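Biologist: I am new to this structure and would be grateful for a close look at one part of it. Please describe how the helices pack there, and explain each term as you use it.

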Amino acid sequence: IFLKVIRVDMRLTLGLARARPAALLTGFAFGIGLWFAASLLLHALASDWAPVNNPAMEWLSSNITALAQEPDTAVLLFLGLAVAPAICEEFLFRGVALSAFRQRAKPWVAITVSATLFSLYHLNIYQMPNTFVIGLVLGWLTLRCGSIWPAVLLHALHNGLSLAFHISSPSGGTPSLWLYLLLIGPIAGFVLLRSGLADKPSTSS
């Protein structure tokens, strides 16, 4: 509504252009494995960044697990914690913020600043390395694809698969070996981005 009031081109500012199939495939490839790479990074840093238990986070974690056991609340939980944040946060950080910085700075500067704001927004110092790196990938993906939708897809998959893993393994522990195969996804996504197949269509004739 605010963007409408100030007469901003919402399609351009929010990156609402239709994404190429290859761009959506790139977002999907990153999304199926980036969450697991992030969890491995967080686990590796846990002893230094989070040496003490956080009672508030433990309480929240136990309540999320409990809500997920009921079919009715599980669907709402997924929509509320995976899909809705992906749409809203991408519109804000890869839409409004990235577009604004991109008009005033080089692409890598705009991506870095928007990723920094994205990590600070989550107000969790222990997750800042993860959210910063993910923010870099989301920004790079958005600028290369010329559309916000691949980033929304990546973000939703990241949230949803992280949530599913947490619910299925609330106490943590050693992940199954097959989960490491998911790391092929981000590698494939990187290759697709570097290949140019996911790039936004050229406007030149």
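Modeller: In helix α7, the residues I134, V137, L138, L141, T142 and C145 meet P150, A151, L154, H155 and H158 of α8, where contact means heavy atoms within 4.5 Å. Helices here are DSSP runs of H or I with at least four residues, strands are runs of E with at least two, and both are numbered from the N terminus. This is a predicted model, in which local features need pLDDT of at least 70 and side-chain atom pairs count only at pLDDT 80 or more, while totals for chains, interfaces and linings use all residues. Residues are numbered from 1 along each chain as its sequence is written, and side-chain values use heavy atoms, with hydrogens and water left out.

By class, the contact of α7 with α8 has eight nonpolar, three polar and no charged residues. Ala, Val, Leu, Ile, Met, Phe, Trp, Tyr, Cys and Pro count as nonpolar, Asp, Glu, Lys and Arg as charged, and the others, Gly among them, as polar.

The axes of α7 (residues 128-145) and α8 (residues 149-168) come within 8 Å and cross at roughly 150 degrees. That makes α7 roughly antiparallel to α8. Axes are lines fitted to C-alpha atoms, for helices over the stretch in contact, and angles run from 0 to 180 degrees between N-to-C directions. Angles under 35 degrees count as roughly parallel, over 145 as roughly antiparallel, 65 to 115 as roughly perpendicular and the rest as oblique.

One residue of α8, L154, touches G27, F30, G31, L34, V137, L138 and L141, not counting residues up to four places away in sequence. L154 is also among the members of the largest nonpolar core that touch the most other members, together with I134, L138, L141, C145 and L193. Such a core is a set of buried Ala, Val, Leu, Ile, Met, Phe, Trp, Tyr and Cys residues joined through side-chain atoms within 4.5 Å, and buried means under 20% relative accessible area, exposed over 50% and partly exposed in between (1.4 Å probe, protein chains only). This core has 16 residues; α3 (21-49), α7 and α8 each supply at least two of them, and the largest share, five residues, comes from α7.

Helix α8 also packs with α5 (residues 71-102): their axes come within 8 Å and cross at roughly 150 degrees. The two helices are therefore roughly antiparallel to each other. In this contact, α5 contributes residues including L77, F78 and L81, and α8 contributes residues including W149, A151 and V152. The residues of the contact divide into 14 nonpolar, three polar and two charged.
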